[in-house]
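Colleague: Could you take me through the middle of the sheet in this one, strand by strand, and show me what packs around it? I'd like one connected account rather than a list.

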Amino acid sequence: MKISEMIDQLSLTVFNEGDTNKEIQSGYCSDLLSDVMGNAEAGCVWVTLQTHRNVAAISVLKEIGAVVIVKGFEPDDNTLEHAKEENITLLGTEEDTFEIAGKLYQMLENK
């Protein structure tokens with residue numbers, strides 16, 4: 001599924017648009033940055049409650065397709081600046097990780 005479809009269907013907040021034409025093939029949920037570095041697949045959507053600059057750094061390192069920040073949290077200014085510099089799609093939702101992950105899983109399975 002394209003990131004743009006994910007944004008529209010889930011009514012996600014767009015903090016930084018990045019390339020919304022990218023295809024998402026999988027997802028990864030974790031708030032432990034070392035876990036994401038070791039296990040997330042390139043091109044996935046990463047669901048997290050982390051909002052600091054290292055989210056953007058790991059997204060670049062792992063070639064993450066998009067990041068969804070949960071529970072209404074918002075990226076800090078440094079994270080947003082880095083996301084803009086690196087063209088990272090940075091999104092948000094009021095939902096918790098369990099809820100949004102379930103919806104994303106269903107969307108990916110139905111594609």
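Modeller: Let's start with E3, where Val45 and Val47 point one way while Trp46 and Thr48 point the other, and all are buried. Keep in mind that this is a predicted model.

The two sides of E3 are a handy way into the rest. Take the valines to begin with. Leucine 104 is in contact with both Val45 and Val47, and also with Met1, Met6 and Leu10, leaving aside its neighbours within four places in sequence. Leu104 is also one of the residues that touch the most other members of the largest nonpolar core, along with Met6, Leu91 and Ile100; that core has 17 residues. Helix H1 (3-10), E3, E4 and H5 are the elements that give two or more residues to this core. A second core, of 15 residues, lies apart from it, and Trp46 is among its members, as are Tyr28, Ile69 and Ile88.

As for what lies over the strands, helix H5 (residues 97-109) runs across E2, E3 and E4, at about 165° to E3.

Now the neighbours of E3 within the sheet. E2 and E3 run parallel and are joined by 3 bridges, with glycine 27 standing opposite valine 45 in E3. E3 (residues 45-48) also pairs in the parallel sense with E4 (residues 66-69), this time over 4 bridges. Here tryptophan 46 has valine 67 as its bridge partner in E4.

Stepping back, the sheet is an open one of 5 strands, ordered E1-E5-E4-E3-E2, and its pairing is mixed. E1 (13-16) and E2 (27-29) are the edge strands: each has a single partner strand, so one side of each is left without a neighbour in the sheet. From one strand to the next, the twist averages 25°.

Next door in E4, alanine 66 is worth a stop. Its relative accessibility is just 1%, so it counts as buried, the cut-off being under 20%. Not counting residues up to four places away in sequence, alanine 66 touches Ile3, Met6, Ile24, Cys44, Val45, Trp46, Thr89 and Leu91. That list takes in Val45 and Trp46, which point opposite ways from E3. The C-alpha atoms of alanine 66 and threonine 20 are separated by 8.5 Å, although the two residues are 46 places apart along the chain.

Just ahead of E4, the loop from H3 holds glutamate 63. Its phi is near 55°, a positive value in a residue other than glycine. Glutamate 63 is exposed, with a relative accessible area of 58%.

Past E3, the chain enters a loop leading to helix H3 (53-62), and glutamine 50 has its place there. A polar atom of its side chain lies 3.0 Å from the backbone oxygen of aspartate 31. Besides Asp31, glutamine 50 touches Leu33, Val55 and Ile69, again not counting residues up to four places away in sequence. Ile69 takes us back to the core of 15 residues, where it sits alongside Trp46 as a member.

On to the E1 end of the sheet, where H4 comes in. In H4 (residues 77-86), the buried residues are Thr79, His82 and Ala83. Seen down the helix axis, the buried residues fall within an arc of 105°, so they line one face of H4. Their cover includes E1, H3 and strand E5 (90-92). Asp77, Lys84 and Glu85 are exposed on the face turned away from that buried side.

Both ends of H4 have something to show. At the N-terminal end, aspartate 76 acts as a cap, with a side-chain oxygen 3.2 Å from the backbone nitrogen of asparagine 78. At the other end, H4 is followed by asparagine 87, whose phi is positive, near 60°. Asparagine 87 lies in the loop between H4 and E5 and is partly exposed, with a relative accessible area of 42%.

Asparagine 16, in strand E1, ties this region together. Its contacts are Leu80, Ala83, Lys84, Asn87, Ile88, Thr89 and Leu90, not counting residues up to four places away in sequence. A polar atom of the asparagine 16 side chain also lies 2.7 Å from the backbone oxygen of isoleucine 88. With 11% relative accessibility, asparagine 16 counts as buried. Ile88, for its part, belongs to the core of 15 residues, as does Trp46, and Trp46 is where E3 started us off, pointing away from the side of Val45 and Val47.

Key. Residues numbered from 1 in each chain as written. Predicted model: local features only at pLDDT ≥ 70, side-chain atom pairs only at ≥ 80, totals over all residues. Heavy atoms only, no water. Pairing = 2+ DSSP bridges. Axes fitted to C-alpha atoms, helices over the stretch in contact; angles between N-to-C directions. Contact = heavy atoms within 4.5 Å. Buried < 20%, exposed > 50% of the residue type's maximum accessible area, 1.4 Å probe, protein only. Polar contact = N/O pair within 3.5 Å; in protein donor to acceptor, adjacent residues only side chain to side chain. Arc of directions from axis to C-beta. Core = buried A, V, L, I, M, F, W, Y, C linked by side-chain atoms within 4.5 Å.
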